[in-house]
Amino acid sequence: MDHTIYYVIGAILYIVGAPFLGCLMDGAERKLSARMQGRIGPPILQPWYDFVKLLNKQVVTVDRAQFFILLSYLVLMIMSGAMFFSGNDLLMTFFVLSTTGTFLYFAAIVPSSPYSSMAASRELIQEVCYEPAVLLLSVGFYLATGTFNARAVFSQHTSLILFMPGFLASYLFAMIIKLRLSPFDVSTSHHAHQELVQGVTTEMGARNLAIFKMAEWYEMVFLYGVVMVFILNSSPLSILAAVLVDLAMFFCFVLIDNTNARVKWENMLGMSWTVTGLCSGVNLLILMMIR
């Protein structure tokens, strides 16, 4: 049976619905963080209220090029997620995702602000930390399934976590860096403790900051969608299991974010490469021997 229509629907749902789902996840993260800190916290829809407020503010242009760079960042983020949920080539999907980080770097560095420029340099360091794990993941999918085609990967009879536990561990570690959560929020922070003010977003005007927030929501949905691939198989019940795993990971990430102080970039680099080398590297060698 041709399931092409389902993948087309998946891509459309991602393009249309990811911002709203990402916004709800952002609001739930704030609410859960507040509860962990003994506070009531803002309403779950507060990120949406903030987004609308940013769009209604006066347009302040720090650098004209920043708007087009951030727009490219958003478009590429949407493209990578749409490629993933439509069942396209996983290697190409992750390469497009990697490109988005470069545009965020340029968006932060063009205003020539010392705070923003320093945060841009840290953003590049973060990219060096998580990219090996993400790119090795595509290799792991190929060795475990024999193809880079996402549709074939999604429809495996056995959940890939049985063959790729090391890749999942290194990917989850990379997700913490990619989502800029403590202890790896070195380039920007969702909280008020960032010594670089707001890092890469310091010199973003209201409209540009709104674009960045929307891109973050798309990114969040995409990254959690990749986690589901490890659980999904030909059984419909695996969808429920994948959602439950995502919810568990979401809670764990919020807990880690609220219980860890930020580390220096040197520590982040050493830890990320160690985890990637041990978890992904060992898993890769095992797959090469058994496949």
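## Spaces, cores and a buried helix

Counting the cavities of 30 Å³ or more in this structure gives 2. Keep in mind as you look around that this is a predicted model.

**The empty spaces**

Let's begin with the second largest cavity, which holds about 40 Å³ of space. Its walls are made by Leu97, Tyr130, Val134, Tyr171, Ala174, Met175, Lys178 and Leu223. Sort that lining by type and you get 7 nonpolar residues, no polar ones and 1 charged. Two helices, α5 (114–145) and α7 (165–178), each supply at least two of the lining residues. Of the elements involved, α7 gives the most, with 4 residues.

Now for the pockets. The largest pocket has a volume of about 1100 Å³. Its lining is made of 30 residues, and the ones nearest its centre are Phe85, Phe154, Met228, Leu232 and Ile239. Four helices give two or more residues to this lining: α1 (4–36), α3, α8 and α9 (237–259). Which of the elements gives the largest share of the lining of the largest pocket? That would be α1, with 9 residues. By type, the lining of the largest pocket divides into 20 nonpolar, 9 polar and 1 charged.

**The nonpolar cores**

Next, the places where side chains fill the inside. In soluble globular proteins, nonpolar side chains tend to be buried together. Here, the largest nonpolar core has 67 residues, and those with the most contacts inside it are Phe94, Leu137, Phe141, Met164, Met175 and Tyr224. Helix α8 (residues 206–229) brings the largest share of this core, 13 residues. There is also a second core, separate from the big one, with 6 residues, among them Phe51, Leu54, Ala210 and Trp217.

Tyr224 is a good residue to click on. Leaving out residues up to four places away in sequence, Tyr224 touches Met25, Met175, Leu179, Asp246, Met249, Phe250 and Phe253. Met175 may ring a bell: this residue also lines the second largest cavity, and it is named among the residues with the most contacts in the largest core.

**Two helices, end to end**

How do α3 and α7 compare with the span expected for a helix? Here they are, one per row.

| Helix | Residues | First to last C-alpha | Expected span |
|---|---|---|---|
| α3 (64–85) | 22 residues | 33 Å | 32 Å |
| α7 (165–178) | 14 residues | 20 Å | 20 Å |

Each reach is close to the expected one, for α3 and for α7. After α3 comes Gly87, with a positive phi near 80°.

Is α7 largely enclosed or largely open? Of its 14 residues, 12 are buried, so α7 is largely enclosed by the rest of the structure. The buried ones are Gly166, Phe167, Leu168, Ser170, Tyr171, Leu172, Phe173, Ala174, Met175, Ile176, Ile177 and Lys178. What do they pack against? The buried residues of α7 meet α4 (90–109), α5, α8, α9 and α10 (265–290).

**Just past α7**

Follow the chain onward and you reach the loop between α7 and α8, where Arg180 sits. Phi of Arg180 is positive, near 60°, in a residue that is not glycine. Is Arg180 buried or exposed? The cut-off for buried is under 20% relative accessible area. Arg180 has a relative accessibility of 3%, so it counts as buried.

Pro183 lies in the loop between α7 and α8 too. The peptide bond that joins Ser182 and Pro183 is cis, with omega at about 10°.

**Two partly exposed residues**

Ile9 belongs to helix α1. With a relative accessible area of 39%, Ile9 is partly exposed. Although Ile9 and Ser86 are 77 residues apart along the chain, their C-alpha atoms are separated by 7.8 Å.

Phe95 belongs to helix α4. Its relative accessible area is 41%, so Phe95 is partly exposed as well. Pair Phe95 with Ile256, 161 residues away in sequence, and the C-alpha to C-alpha distance is 28 Å.

Conventions: Residues are numbered from 1 along each chain as its sequence is written. This is a predicted model: local features need pLDDT of at least 70, side-chain atom pairs count only at pLDDT 80 or more; totals for chains, interfaces and linings use all residues. Side-chain values use heavy atoms; hydrogens and water are left out. The expected span of a helix is 1.5 Å times one less than its number of residues. A nonpolar core is a set of buried Ala, Val, Leu, Ile, Met, Phe, Trp, Tyr and Cys residues joined through side-chain atoms within 4.5 Å. Buried means under 20% relative accessible area, exposed over 50%, partly exposed in between (1.4 Å probe, protein chains only). Contact means heavy atoms within 4.5 Å. On a 1 Å grid over the protein atoms alone, a cavity is a set of points where a 1.4 Å probe fits but cannot get out, and a pocket is an open set with protein on both sides within 12 Å along at least five of seven lines; lining residues have an atom within 4 Å of a point. Grid points are joined across faces, edges and corners, and a volume is the space filled by probe spheres set on the points. Ala, Val, Leu, Ile, Met, Phe, Trp, Tyr, Cys and Pro count as nonpolar, Asp, Glu, Lys and Arg as charged, and the others, Gly among them, as polar.
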